[in-house]
Amino acid sequence: MNKFINHIQLGYLGLLPFLACVGWPLLVGSNNFNMQFFTFYSIAILAFMSGNLWHAGQQSYRDAIKAILPILPLGFLAFLPQHITLAWLAVSFWLVLLIEKTSPQWQSYHADYQKMRFVLTSVVFVCHILVIGISLYPN
């Protein structure tokens, strides 16, 4: 199987935990574990995506700052209400995509990858909005 196709499949498989965390409360009701799992998974994926922006030796200091910008406030978000943390994470996924799209490497990426990144970011954003709603109105 083509290595590129594997990357696309893995990208879409990464959505499953996000979708499960949205679907689970709809089936059995909201609980704190589900909200925490969603938040921690979101942080892990955001950190991974931000890390992919880091092209060691191929970027300027300014580009390096852009690569870590979305994850810098994560430590402070632990002290804020969960819906604010989730809102920051939702916006940060768009920020990572925007930074990636402005990089010189973006033009060399396959069109299917570019489409996948937009679809994944859109679905993850919607999942965050739904989970914010669930956190605000748990019953």
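1. A word on terms before anything else: a residue is called buried when its relative accessible area is under 20%. Met49 comes in at 16% relative accessibility, so Met49 counts as buried. Met49 sits in helix 3. Its C-alpha atom is 8.2 Å from that of Phe93, although the two residues are 44 apart along the chain. Do keep in mind while you look around that this is a predicted model.

2. Next, the membrane annotation. The UniProt record, an unreviewed entry, puts "transmembrane region" on residues 12–29, 35–55, 67–96 and 116–137. Two of those stretches are worth setting side by side. Residues 116–137 are 95% helix and 0% strand, with the end C-alpha atoms 31 Å apart. Residues 67–96 are 70% helix and 0% strand, and there the end C-alpha atoms are 8 Å apart. I'd pull up both on the model when you read the annotation.

3. Now the charged pair. How many salt bridges does a search of the whole structure find? It finds one. The partners are Glu100 and Arg117, whose closest N and O atoms are 2.7 Å apart. This pair ties together distant parts of the chain, with Glu100 in helix 6 and Arg117 in helix 7 (residues 111–136), 17 residues apart. As a general point, side chains of opposite charge can pair when their charged atoms come close.

4. Are the two partners of that salt bridge buried or exposed? Glu100 has 8% relative accessibility, so Glu100 counts as buried. Arg117 is buried too, with a relative accessible area of 5%.

5. Staying with helix 7, have a look at Val131, which lies in that helix. Its relative accessible area is 0%, so Val131 is buried. Val131 and Cys21 are 110 residues apart in sequence, but their C-alpha atoms are 7.8 Å apart in space.

6. Another contact over a long stretch of sequence involves Ser30, found in the loop between helix 2 (15–28) and helix 3. Ser30 and Pro138 are separated by 108 residues in sequence and by 5.6 Å in space, C-alpha to C-alpha. Ser30 has 26% relative accessibility, so it counts as partly exposed.

7. On to the pockets. The second largest one holds about 210 Å³ of space. Which helix gives the largest share of its lining? That is helix 3, with six residues. Helix 3 (32–52), helix 5 and helix 6 (82–101) each supply at least two lining residues. If you want to click through the lining, it is made up of Asn32, Met35, Gln36, Thr39, Phe40, Ile43, Leu74, Leu77, Ala78, Leu80, Gln82 and Thr85.

8. Last, the outside. A nonpolar surface patch of about 620 Å² is made by Trp54, Tyr61, Ile65, Ile68, Leu69 and Leu72. Leu69, one of the patch residues, lies in the loop between helix 4 (61–68) and helix 5 (74–77). With 40% relative accessibility, Leu69 counts as partly exposed. Leu69 also falls inside the 67–96 stretch that UniProt annotates as "transmembrane region", so bear that record in mind when you view the patch.

Note on methods
Residues are numbered from 1 along each chain as its sequence is written. This is a predicted model: local features need pLDDT of at least 70, side-chain atom pairs count only at pLDDT 80 or more; totals for chains, interfaces and linings use all residues. Side-chain values use heavy atoms; hydrogens and water are left out. UniProt positions are given in the numbering used here, feature names are shortened, and annotations may be inferred rather than shown by experiment. Helices (H or I, at least four residues) and strands (E, at least two) are DSSP runs, numbered from the N terminus. Patches are made of residues with over 30% relative accessible area and no salt bridge: like charges are joined within 9 Å, nonpolar side chains (Val, Leu, Ile, Met, Phe, Trp, Tyr) within 5 Å. Accessible areas come from the Shrake-Rupley method with a 1.4 Å probe; for residues, only the protein chains shown count as cover. A salt bridge is a side-chain nitrogen of Lys or Arg within 4 Å of a carboxyl oxygen of Asp or Glu. Buried means under 20% relative accessible area, exposed over 50%, partly exposed in between (1.4 Å probe, protein chains only). On a 1 Å grid over the protein atoms alone, a cavity is a set of points where a 1.4 Å probe fits but cannot get out, and a pocket is an open set with protein on both sides within 12 Å along at least five of seven lines; lining residues have an atom within 4 Å of a point. Grid points are joined across faces, edges and corners, and a volume is the space filled by probe spheres set on the points.
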